[in-house]
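Biologist: I am new to this structure and would like a close look at a single part. Please start there, then widen the view step by step.

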Amino acid sequence: MADVTFTVDGKTLTAPAGTLLIDACRKAGIEIPAFCYYPGLSLQAACRMCVVRQEKVPKLQTACTTPVAEGQVFITESPEIAQARKATLQLLLGNHPLDCPVCDAGGECELQDMTFKYGAGESLYVEAKQHREEQKWSPAVYFDRPRCILCYRCVRMCGEGMDVWALGIQNRGVTAVIAPNGGDHLDCEQCGMCIDVCPVGALTSGTYRYKSRPWEMKHVSTVCTHCADGCKVTLGVRRANDGMEIVRADNRDKSGINGDFLCAKGRFGFDFVESAERLTQPLVRNVAGVLEPTTWEKAIRHVAKRFQEIVSRSGTSKNGRGQDGPGSIGVIGSTRTTNEENYLLQKFARTVLKTQHIDHERTADYATFHGLLVGSTGRAAGLKEIAAAPAILLLGGNPTEEHPLLAWSLRSDVRLNHARLYVANTQAIRLERQAVRSLHLADGDYEALVRSLSGDETALAGLPDAAAFRDALAGEESLVVICGAEFRGAALAALMRWGLSRPQVKFALLSDGVNARGAADMGVYPDLMPGYQMLAGDGPMHQEYAGMPVTSGKDYVAMMEAAGSGKLNGLLVVGADPFAALGVADGALKDTFLVVQDCFLTRTAAQADVVLPTASLYEKTGTVTNCYGDVQMVRKAADKAGVKPDFEILVRLAGAMGVDVRTLVPFGDSQGVRADMGQTRGAQAGEADRHAVWLAAHALEPKLSPFDPLAILDEVERLVPEYKLDRLNLFAGNESTTEPGAGFVSVESLLQRKDGVVAAHPGLFDSGLLSEKTSALQQLRRHQEKLTVAAD
Amino acid sequence: MSVETMSIFSPELSARFDELVTRYPMKRSALIPMLLYAQDEVGYLSDAVIDEIARRIGITPLDVRNVATYYSMLRFKPAGRFNVQVCTNISCMLRGGYKIFDRFQERLGIGHKGVTADGLFSLEEVECIGACCWAPAIQVNYDFHDELTEERVDAILEQYRSQNAGGR
């Protein structure tokens, strides 16, 4: 819309006609207070805090419902307005308890802030306050009725934002009260968004209530560890006996790809870090066959010695069954570790263990996805692009359950941008409610759908809506195609070829695991190197990895089989549980030297010869790539004595095996590592120099260690063409999206390989091992199960 | 044909609801009349009534409650067969509305919002029922009784008792 010019407090502002005054002012740095107004939600105009004086209008106007027009003149701060706001506060405080000293919101409460600003310190109300006991609506959500100021944010967030509609308002009038849909409990997704938007402490979180004061915590912005959407999460950490403990998770500054949003896993799923079952000491199997705690030094030395023996000798191995020498150790990587760790792991496997047998639990066919995009530009959609796309085709998958942020982004896109969502699925999914068209397919019909989209009239002929669906899509100028992990191999290729034949079609492929995409991108594959490069070749990476095996290795399943039949003499498992995933019998690997790096004693770890306790994603630094290719910075928040990041463990192992760790991690000043000497701290000229001089003068100059994952990020950026990252953006806490089109690889060869994908379908409270060990998520799961049983 | 195969309402009411939801551009506009008619037939808004109405207009039971709880004439508990509503607003009050209300309380042995043990009568003190010219006035279900005196209270009660005994 055309811009209009208007005046606020004597300043001339310009904004598109129809912009709400409150938005226009906030953009211009003029603060207008509001309780009920919340960006992105419908207007309520209930709280009267945003009142402003408009010239030639007799009464004060609410800025949240006033669209700006040419020539208007507003005053936003004056004694009259301050008095009006103060009166509003006096009414709100009439029955509001003064329990701020124990209230969770105390210190970050909007009502407190406004009272502080407008000074409604003295109450005109002398009657006794109406007290109501707090109610537990679910293990996650508690309601303290007297604190509620009836702003309706929670009601709108739950309904419009989440499309759950679990909160309502009853007995409208002086006795109005927020009510949950279950009468005395909540039957919902337990996302906790209502708690997040509550401006006061009326809705509080089961995991955080009465635990801490906001100012006691240090807030660290990192990435959620539970699913492949990779929401930014701010962890509130506090000093504890054995390091730093996490007491709260939210997205405090509402920045990043997820903005306001976090789901139950992100918001409540962090107590696995403090679990009593957490491993905090390395374990080595002793002569009696029992795992015994030991020191890190002994454990590392032991592993290094055994690996060294297996790699350096050749011929029949000690047990007389397998062959020692290069290629006799298998490596299994993780979808939960960082890009740097995955990169280092494959480099360690290929150059130190000299093996081609390396793989991870693949949850989506990124190799094919990538292969088809090579050579194109701008065909991969990051999450922010998806959230603003005018038309989206969602094929398969169930975002509401498995990709909560994607579901949120699609709902918001439809609601706020009038995007058109097309859904085709073999099961009924919740997002159909937002779809302009949806198509219910029979099992195995996805390929027929792709044929139908490509113009084959006979495909899906039995489905009456299919033709209209195809024609509607053909009419879209631009389209983002999001497909579930069920699309792989030839089916994925056919779909993408259809999309690539049209201009302005972008793609995203869903997967499971916070860094499932990263593990694939970083070449944790038996036949592909970082950036999906073929093993044979003479690119820069091949030159640096001189001497590595160039024949394809065994994949995940084949490795476990080979180990089970004694053909693999060593197996290094990092953050995975193949015994549980593949149903391997206990004792099956007794002839294999099994080393496991994990946070917990998984079934696989219990079978290991050495178990090395690792830091979780919340306890280390690095980057992760979500399933849309958005790379984000992970920052160390919690700290647990005794554990080490996988990165450090691998470097130490290499060191103990006699490898010059400089060949593995380009640290120090030889290979272009840069340190932050203060350059990032702002525009103050000369600050960098002052820091450098002062540090050098006091012998405090940064000693860059081989344990610094960011040293590997340099190498990743240098050798993996897809990872040309906007560093400043990345370090500032934003996402930097990869460009698969920049890669180089032969598509045909990728299509001929076995994709080996086992799609995982975790629910709203499930992320495998970590959710199992998170008591808050287990409580929520049990609460939901009880509701389901009651409903039947 | 009824959209509800398992309706808790009578066939007549069911048919009326089927038609009612088609009258408005948005189905939920029919919500309040539906609540009122359902209450007239069932006696109060039971959970089953709320669930069925929600289903019929495609909103959640919570949405129905959000609206219904605002209206004091919609109730969530059974009333007596004869619901006595005594007005005590200004005109009736000045002309002895409270005396009438007291007399009902005494005769029925129940207070505001009470129901007699036999379920025959319930009593409510209500706001203006629009009969100020003939104050004091009461409403029993949909029947008005006006220009009342305390003495007439007994006769009114007797009238409904015999109506009940007569099975009408």
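Biologist: Take helix α13 (residues 446-453) and helix α15 (residues 489-500) of chain A. Within what distance do their axes come, and at roughly what angle do they cross?

Modeller: One caution before the answer: this is a predicted model. The axes of α13(A) and α15(A) come within 10 Å. They cross at roughly 20 degrees. An angle under 35 degrees counts as roughly parallel. The two helices, α13(A) and α15(A), are therefore roughly parallel to each other. Their crossing is left-handed.

Which residues make the contact? From α13(A) come A:Tyr446, A:Glu447, A:Val450 and A:Leu453. From α15(A) come A:Ala491, A:Ala494, A:Leu495 and A:Trp498. Sorted by class, the contact of α13(A) with α15(A) holds 7 nonpolar residues and 1 charged residue, with no polar ones.

Chain B offers a second helix pair to set beside this one. There, helix α2 (residues 31-42) and helix α3 (residues 47-57) of chain B have axes that come within 11 Å. The axes of α2(B) and α3(B) cross at roughly 145 degrees. This crossing is right-handed. On the α2(B) side stand B:Leu31, B:Met34, B:Leu35, B:Ala38 and B:Val42. They meet B:Val49, B:Ile53 and B:Ile57 of α3(B). The contact of α2(B) with α3(B) has 8 nonpolar residues, and neither polar nor charged ones.

Now step back to chain A as a whole. Its domain assignment gives domain 1 (3-77), domain 2 (99-216), domain 3 (285-363 + 517-674 + 700-723) and domain 4 (366-510). Note that domain 3 is written in separate segments. Between domain 2 and domain 4 of chain A, the C-alpha centres lie 39 Å apart.

Start at the beginning of chain A. Strand β1 (residues 3-8) and strand β2 (residues 11-16) of chain A run antiparallel, joined by 6 bridges. A:Val8 stands opposite A:Lys11 of β2(A). The hairpin of β1(A) and β2(A) has 2 residues between the strands. In that hairpin, A:Asp9 takes a positive phi near 50 degrees. Strand β1(A) also pairs with strand β5 (residues 73-75) of chain A. Here the strands run parallel, with 2 bridges. A:Val8 appears again, with A:Phe74 as its bridge partner in β5(A).

Further along chain A comes an open sheet of 7 strands. Its order is β15-β14-β29-β28-β27-β18-β19, and the pairing is mixed. The edge strands are β15 (291-293) and β19 (358-359) of chain A, each paired on one side only. At one edge, strand β14 (residues 283-285) of chain A runs antiparallel to β15(A), and 3 bridges join them. A:Arg285 stands opposite A:Leu291 in β15(A). Helices pack on this sheet too. Helix α7 (residues 296-312) of chain A touches β14, β18 (329-332), β27 (570-574), β28 (593-598) and β29 (610-613). The direction of α7(A) makes about 130 degrees with that of β29(A). Helix α18 (residues 556-564) of chain A touches β18, β19 and β27. The direction of α18(A) makes about 140 degrees with that of β18(A).

Back to chain B, which has 7 helices and 5 strands. From the N terminus on, its elements run α-α-α-α-β-α-α-β-β-β-β-α. Its C-alpha trace spans about 50 × 35 × 25 Å along the principal axes. Chain B is divided into domain 1 (11-68) and domain 2 (82-165). The C-alpha centres of these domains lie 29 Å apart.

Chain B has an open sheet as well. It is formed by 5 strands in the order β2-β3-β1-β4-β5, with mixed pairing. At its edges stand β2 (114-115) and β5 (143-145) of chain B, each with a single partner strand, so one side of each has no neighbour in the sheet. Strand β4 (residues 138-140) of chain B is joined to β5(B) by 3 bridges, and the two run antiparallel. B:Val140 has B:Asp143 as its bridge partner in β5(B). Helix α6 (residues 97-108) of chain B lies across β1 (82-87), β3 (121-126) and β4. Helix α6(B) runs at about 150 degrees to β1(B).

Last, the place where the chains meet. The contact takes 8 residues from chain A and 7 residues from chain B. On the chain B side, they divide into 2 nonpolar, 3 polar and 2 charged.

Terms used
Residues numbered from 1 in each chain as written. Chains lettered and ligands numbered in written order. Predicted model: local features only at pLDDT ≥ 70, side-chain atom pairs only at ≥ 80, totals over all residues. Pairing = 2+ DSSP bridges. Helix = DSSP H or I, 4+ residues; strand = E, 2+ residues; numbered from the N terminus. Contact = placed C-beta atoms within 7 Å. Nonpolar A, V, L, I, M, F, W, Y, C, P; charged D, E, K, R; others polar. Domains from an automatic or database assignment. Axes fitted to C-alpha atoms, helices over the stretch in contact; angles between N-to-C directions. Parallel < 35°, antiparallel > 145°, perpendicular 65-115°, else oblique. Left-handed = near helix turned anticlockwise from the far one by under 90°.
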